[in-house]
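User: I have a model to go through with you. Please take me through the sheet, the cysteines, the pocket and the packing.

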Amino acid sequence: MKQIPRDRITNPRITELMPDEIFVFGSNIQGMHCGGAARIACRWGAIMGQGVGLQGQTYAIPTMSGSVASIAPHVDEFIIFAKANPDLRFLVTEIGCGIAGYIPEDIAPLFRGAVEIENICLPERFWEVILKDS
């Protein structure tokens, strides 16, 4: 197994953001940010009624749509966005692993494309899953 890049692990308890940091959270497609990380995201600009994409210092990825397959295109879109914005640092939370009911083994593989993108930080449990078979 490859080593987890320590400088790219998202802190599990984010309480403040630097000006160039973006809080990446799981949302529902309706953008009702009422619980979990989505509720926390409201302090950094998450917009009620907007369930996808950049909002203030946050980026929403819908995770309540019914299946991991329905989450995958949104993760792919996020990775493309992050790669196109190297001046920003994206702090991905354990999206889908709270209210949505998934586990890291379900969601982490969706982020394999983020491994080589230096400005994306992932939760330690996501790194463990992604790098386990490397």
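Analyst: One term to begin: a residue is buried when its relative accessible area is under 20%. Note also that this is a predicted model.

User: Which residues of helix H4 are buried, and which helix do they pack against?

Analyst: Helix H4 covers residues 124–132. Its buried residues are Phe 126, Trp 127, Val 129, Ile 130 and Leu 131. These pack against residues 104–107, that is, helix H3.

User: What is the strand order of the open sheet?

Analyst: Five strands make up this sheet, and their pairing is mixed. E2 and E3 run antiparallel, joined by three bridges. E1 runs parallel to E3 over five bridges and parallel to E4 over four bridges; E4 and E5 are parallel too, with two bridges. The order is E2-E3-E1-E4-E5.

User: Why do strands E2 and E5 each have one side without a neighbour in the sheet?

Analyst: Strand E2 (53–55) and strand E5 (120–121) stand at the edges. One side of each is left without a neighbour because each has a single partner strand.

User: Which residues stand opposite Phe 23 and Ser 27 in E3?

Analyst: E1 spans residues 21–27 and E3 spans residues 58–62. Phe 23 stands opposite Thr 58. Ser 27 stands opposite Pro 62.

User: What is the bridge partner of Val 24 in E4, and which residue of E5 stands opposite Leu 91?

Analyst: E4 covers 89–92. There, Val 24 has Val 92 as its bridge partner. Leu 91 stands opposite Cys 121.

User: Which residue in the turn of the E2 and E3 hairpin has a positive phi?

Analyst: Two residues lie between E2 and E3 in this hairpin. On the strands themselves, Leu 54 stands opposite Tyr 59. In the turn, a positive phi of about 60° belongs to Gly 56.

User: How many residues of E3 are buried?

Analyst: Side chains in a regular strand alternate between the two faces of the sheet. On one side of E3, Thr 58, Ala 60 and Pro 62 are buried; on the other, Tyr 59 and Ile 61 are. Both faces are covered. The count is five of five.

User: At what angle does helix H2 run to E3?

Analyst: Helix H2 holds residues 68–84. This helix lies across E1, E2, E3, E4 and E5. Its angle to E3 is about 155°.

User: Is Ile 80 of helix H2 buried or exposed?

Analyst: Ile 80 lies in helix H2. Its C-alpha atom is 9.3 Å from that of Gly 113, 33 residues apart along the chain. Exposed means over 50% relative accessible area. Ile 80 has 60% relative accessibility, so it counts as exposed.

User: How many disulfides are there?

Analyst: A disulfide needs two cysteine sulfur atoms within 2.5 Å. For Cys 42, the nearest cysteine sulfur is that of Cys 34, 7.7 Å away. For Cys 97, the closest is in Cys 121 at 17 Å, too far for a bond. The count is zero.

User: Which element gives the largest share of the lining of the largest pocket?

Analyst: About 560 Å³ of space lies in this pocket. The elements giving two or more residues to its lining are E1 and helix H1 (36–41). Among the 31 lining residues, Gly 36, Ala 37, Ala 38, Thr 93 and Glu 94 lie nearest the centre. The largest share, four residues, comes from H1.

Note on methods
Residues are numbered from 1 along each chain as its sequence is written. This is a predicted model: local features need pLDDT of at least 70, side-chain atom pairs count only at pLDDT 80 or more; totals for chains, interfaces and linings use all residues. Side-chain values use heavy atoms; hydrogens and water are left out. Two strands pair if DSSP finds at least two bridges between them. Contact means heavy atoms within 4.5 Å. Axes are lines fitted to C-alpha atoms, for helices over the stretch in contact, and angles run from 0 to 180 degrees between N-to-C directions. On a 1 Å grid over the protein atoms alone, a cavity is a set of points where a 1.4 Å probe fits but cannot get out, and a pocket is an open set with protein on both sides within 12 Å along at least five of seven lines; lining residues have an atom within 4 Å of a point. Grid points are joined across faces, edges and corners, and a volume is the space filled by probe spheres set on the points. Buried means under 20% relative accessible area, exposed over 50%, partly exposed in between (1.4 Å probe, protein chains only).
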